[in-house]
Amino acid sequence: MRHTEGPASRSTHSPLRPSWRCPACGILWPCSTAKLRLLGRYREDRPGLLTHLAAVQKEAEADLATLNPDVALPDLTPRFVGWAQPR
């Protein structure tokens, strides 16, 4: 599941790789808009959302490790999966 970049991604708040920032608003992805869209898309399938986010997290970990090989990555779970877990 490779996320692409380009003009469409800028308007849809998709991650800009390899930095994993939102090209539309410039903050770390998933931004608030992306979170709302993901919640809407997976409204009836929370396990599917969590599975998707875990896979995306793995992609981000690989990209960020390649981008910054000399820096230890923080735990990305809160950023990618934690926000979507049921309370």
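**Burial, ring pairs and helices in a predicted model**

Trainee: Trp 20 is buried, and so is Phe 80. Why is Trp 20 called buried in this predicted model?

Mentor: The model is indeed predicted. The relative accessible area of Trp 20 is 0%, and buried means under 20%. Trp 20 therefore counts as buried. Phe 80 also has 0% relative accessibility, so the same cut-off makes Phe 80 buried.

Trainee: Why does Trp 29 count as buried?

Mentor: The relative accessibility of Trp 29 is 4%. That value falls under 20%, so Trp 29 is buried.

Trainee: What makes Trp 20 and Phe 80 an aromatic pair, and why is the pair given its particular geometric name?

Mentor: A pair of aromatic rings is described by the distance of the centres and the angle of the planes. For Trp 20 and Phe 80, the centres are 5.8 Å apart, and pairing requires centres within 6.5 Å. The planes stand at 75°, and over 60 degrees counts as edge-to-face. The pair is therefore edge-to-face. The pair links distant parts of the chain, with Trp 20 in the loop between α1 (7–12) and α2 and Phe 80 in helix α4, 60 residues apart.

Trainee: What kind of pair do Trp 29 and Phe 80 form?

Mentor: Their centres are 6.2 Å apart, within the 6.5 Å cut-off. The angle between the planes is 45°; stacked needs under 30 degrees and edge-to-face needs over 60. Neither condition is met, so the pair is tilted. This pair too joins distant parts of the chain: Trp 29 lies in the loop between α1 and α2, Phe 80 in helix α4, and 51 residues separate them.

Trainee: Which residues do ring pairs link into a cluster?

Mentor: Trp 20, Trp 29 and Phe 80 form the cluster. The structure holds three aromatic pairs.

Trainee: Which residues have the most contacts inside the largest nonpolar core?

Mentor: They are Trp 20, Trp 29, Leu 38, Leu 49, Leu 53 and Phe 80, in a core of 17 residues. The elements that give two or more residues to this core are α2 (32–41) and α3 (46–67). The largest share, five residues, comes from α3.

Trainee: How do you know that the span of α3 is close to what is expected?

Mentor: Helix α3 has 22 residues and reaches 31 Å from its first C-alpha to its last. The expected span at 1.5 Å a residue is 32 Å, and the two values are close. Buried residues of α3 include Leu 49, Leu 53, Val 56, Ala 60 and Leu 64. The buried residues of this helix pack against α2 and α4.

Trainee: What charge partner does Arg 79 have, and how far away is the nearest candidate?

Mentor: Arg 79 is buried yet has no salt bridge. The nearest side chain of opposite charge, Asp 63, is 9.7 Å away, whereas a salt bridge requires a nitrogen and a carboxyl oxygen within 4 Å. Arg 79 is found in helix α4 (residues 77–80). Leaving aside neighbours within four places in sequence, Arg 79 is in contact with Trp 20, Leu 28, Trp 29, Pro 30 and Leu 64.

Trainee: Why is Ile 27 placed in its accessibility class?

Mentor: Ile 27 has 42% relative accessibility. Buried requires under 20% and exposed over 50%, so a value in between makes Ile 27 partly exposed. Ile 27 lies in the loop between α1 and α2. Beyond its neighbours within four places in sequence, Ile 27 is in contact with Arg 21, Cys 22 and Ser 32.

Trainee: What backbone features stand out in the loop between α1 and α2?

Mentor: Pro 18 lies in that loop, and a cis peptide bond with omega of about 15° joins Arg 17 and Pro 18. Pro 30 is also in the loop; a cis peptide bond joins Trp 29 and Pro 30, with omega of about 10°. His 13, another residue of the loop, has a positive phi of about 60° although it is not a glycine. Trp 20 likewise has a positive phi of about 60° without being a glycine.

Trainee: Why does His 13 count as buried?

Mentor: The relative accessibility of His 13 is 13%. The cut-off is under 20%, so His 13 is buried. For the protein as a whole, buried residues make up 34% of the 87 residues.

Methods
Residues numbered from 1 in each chain as written. Predicted model: local features only at pLDDT ≥ 70, side-chain atom pairs only at ≥ 80, totals over all residues. Heavy atoms only, no water. Helix = DSSP H or I, 4+ residues; strand = E, 2+ residues; numbered from the N terminus. Buried < 20%, exposed > 50% of the residue type's maximum accessible area, 1.4 Å probe, protein only. Lys, Arg positive; Asp, Glu negative; His and termini not counted. Contact = heavy atoms within 4.5 Å. Core = buried A, V, L, I, M, F, W, Y, C linked by side-chain atoms within 4.5 Å. Phe/Tyr/Trp six-rings, centres within 6.5 Å; stacked < 30°, edge-to-face > 60°. Expected span 1.5 Å × (residues − 1).
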